[in-house]
Amino acid sequence: MQVLKFGGSSVANSANINKVVAIVQNALQKDKTIVVVSALGGVTDALLQVASLAANGNESFKENLRSLEHRHLETVKELIPFAQQSSVLSMVKKSCNDLEDICNGVFLLRELSARTKDKISSYGELLSSQIVAARFTALNTGSVWKDAREIITTDSHYGYAGVNFEATYQKAQQFFSVAGQSLFVVPGFIASDENGNTTTLGRGGSDYTAAILAAAVDAVLIEIWTDVSGMMTANPQLVQTAKVIATISYQEAMELSHFGAKVIYPPTIQPLMTKNIPVWIKNTFEPEHPGTIIKAEGTKNGGSIRGISSMSRIALLSLEGSGMVGIPGFSKRLFEALASQKINVILITQSSSEHSISVGVNEANTNAAKAVVDREFSYEIETKKVEPLVVEIDLAIIALVGDSMKSHPGISGKMFGTLGRNGVNVRAIAQGSSERNISAVISAADVKKSVNVLHEEFFETTYKQLNLFVAGVGNVGSKLLAQLKMQQEYLQQHMNLQVRVVGIANSRKMLFNDDGIDLNNWKQLLYDGNHMDLQEFLSVIRRKNLRNSVFADITANNEVATTYYQLLEKSISVVACNKVACSSEYAYYKKLKDLAREFNCLFLFETNVGAGLPVIGTMNDLLRSGDTINSIEAVLSGTLNFVFNNYTGEKSFAEVVKQAQDEGYTEPDPRLDLSGTDVMRKIMILAREAGEMLEMESITNNTFMPESCMQGTVEDFYAAMAAEEEHFFKIYDEAAKDGKKLKFVAKYENGKASVGLQHIDANHDFYHLYGKDNIVLFRTTRYPEQPMVVKGAGAGAEVTASGVFADIIRTVR
């Protein structure tokens, strides 16, 4: 004997029922078969809604009943030949009339007992199973319909009845052993108590029905046919890359189903495990797929984790107080109080000090739990030995499950490290002595992100996903997007990294797409986007709560720079091309660095100094390895280096500066470069990274720019430079006649920093510095005479964008 169970989606309509019939006919070639069916998809919910409407005195329940009747009648007409329809249509009509009579009684009394609710909800399976049986008859496939209420005996705990296995097994064996047919059709979900009243086995109970019957007749196999191809490593609605689990042990399946894996109803496993009957999870709509086999021992797959599951709508109840320490019986009283209200405890955790105990329950039971526990401990609460029960809602449980976890140290550390890096706060932790399950209570808002990052960590061999938000798509920003587009395939193939740009903003518009913005068409999409509001842009980033989120600021905007803390506090890494934050007051710079450490994310700003050159990274490598920075000497302005490398008096100074601006080397306002302000910012950032608490006003600026050039607009600036051409040529000529070159040099030593124009002779490291190149000399304890040198292009949109790109990749490495 074998048992096949078909869920609501498998019998949702006539087309699906025909798929079921084909599967069963194929199975009949192997062995006698019991078919257990659920109600047509969505019918049980509809019946419960009808009951609720009737109980509330809402006459619309009648219209809902008519709709249900019509659906079943139409299904019969589509499945059964006209000449054979009469008896089946009469059965549907009679059942719906009986159902309407019950609902009319509920409507008149305005009362809906648990017993009546079970009676009403039973009609879904009664109707669907008889329609399926009639379809077999119409096809001359002999079958017997058997009412499950005549076999499965339960207690009278309506809604979630407990099975009397001894009586049930006896009835099942008596019936199936003498029945001459090869095919039996049985309604799932329903049973009866000793008085013959209809009971139900809990939502999803059709699986349980199949398992009970399989165990009763010692079936060789049970197949559960659903709309997915087996149990998955995670919920595919949350994780797009979830994989089918080929084989899994009974215990692992029980753990996963208990914590929310909806493929199989949790109590289903127990009777099958006792009889060692394998369970095959199959897909009605893809019957050739191998699916998942649940048996005594799952096949080792090389990993320690079998699956990740989650359960939402959890409340955490915490009982704590000094009066609990060392006093036996508190836990017993807590659980007895909850049991008295039939409140199921999903998770338990207790501090080793015995000062507190926390339990997870269904959120629907919160009020009842609070009342009964506070009543049980009223004396201790009144005498201040125990605090009133603390209730936290809007929580969820996420669980890692695997038989092999007990032989693999470090799983917990990996789990909680992964959650922590993504800003997921863990409220409570539980692990059984079997080490088959590690469970954590988290915010319900973090479930999707948590399941995805854990799935990446434990299962992904294809790629890790990075979700990028970009503010600023001007010269550098547009180059960055072009580089990301070009490298997407490379990153996925060679680094197993999928970078998705999920948000873009400029000063006018903002755009979001959780599936990734099309980088072939981002300009038009952004143009058609929403009006830009910085706080709303940041709020959306925080609300989306995507895993591995990174915010890249490629603006020069003060307001944007003052908002980084809002992102870092949500464990969203920040990559700043914008120098404002790191060159603002030291207190804010330090706050950002501290927040990044506190919330397990990164604050990176390599391009603040030297564009794409590894200046800050090199210095930090020196410091982390124990070296000490004694002095820094540098040419840090690609703009100024370009200007003084190209100015000989043949073109005016103003023309050379304009050329630098046109080629993209200057800040939007070139005065930031020529005044030395930008270089001051850069040397201050380096000094701060070296450990110096330096402010801008402490830096000496030996400027070469006349005051007249620093007034008014950018147009005024160029006009003033043209008027001061004699001044600029004189500076150049004084250096040239001595065979020297002009370089704008920044220096940091002994806690002091300065910037200014210097005459550089041919023996100096800076003399052969051409174009827009930067150079930085680090003299350290290890490099006292011959300095560590970083040299290369220090300006330009392409190299700056590549530096931002590199920082983005560092956030996930």
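**Salt bridges in the predicted model**

The count of salt bridges comes to 33. The model is a predicted one. Three pairs and one network are described below, with burial and chain position where available.

**Arg 436 and Asp 403**
- The side chains of Arg 436 and Asp 403 form a salt bridge, with an N to O distance of 2.5 Å.
- Arg 436 sits in the loop between β16 (428-431) and β17 (437-443), and Asp 403 sits in the loop between β15 (390-401) and α14 (411-421), so the salt bridge ties together parts that are 33 residues apart in sequence.
- Both Arg 436 and Asp 403 are buried.

**Lys 579 and Asp 678**
- A salt bridge joins Lys 579 to Asp 678, and their closest N and O atoms are 3.3 Å apart.
- This pair links distant parts of the chain, 99 residues apart: Lys 579 is in the loop between β23 (573-576) and α21 (586-598), while Asp 678 is in helix α26 (residues 677-689).
- Lys 579 and Asp 678 are both buried.

**Arg 671 and Asp 669**
- Arg 671 and Asp 669 meet through their side chains in a salt bridge of 3.1 Å, N to O.
- Arg 671 counts as buried because its relative accessibility is 11%, and buried means under 20%.
- Asp 669 counts as partly exposed because its relative accessibility is 24%.

**Network**
- Arg 333, Glu 376 and Glu 380 are joined into one network by salt bridges that share partners.

Conventions:
Residues numbered from 1 in each chain as written. Predicted model: local features only at pLDDT ≥ 70, side-chain atom pairs only at ≥ 80, totals over all residues. Heavy atoms only, no water. Salt bridge = Lys/Arg side-chain N within 4 Å of Asp/Glu carboxyl O. Helix = DSSP H or I, 4+ residues; strand = E, 2+ residues; numbered from the N terminus. Buried < 20%, exposed > 50% of the residue type's maximum accessible area, 1.4 Å probe, protein only.
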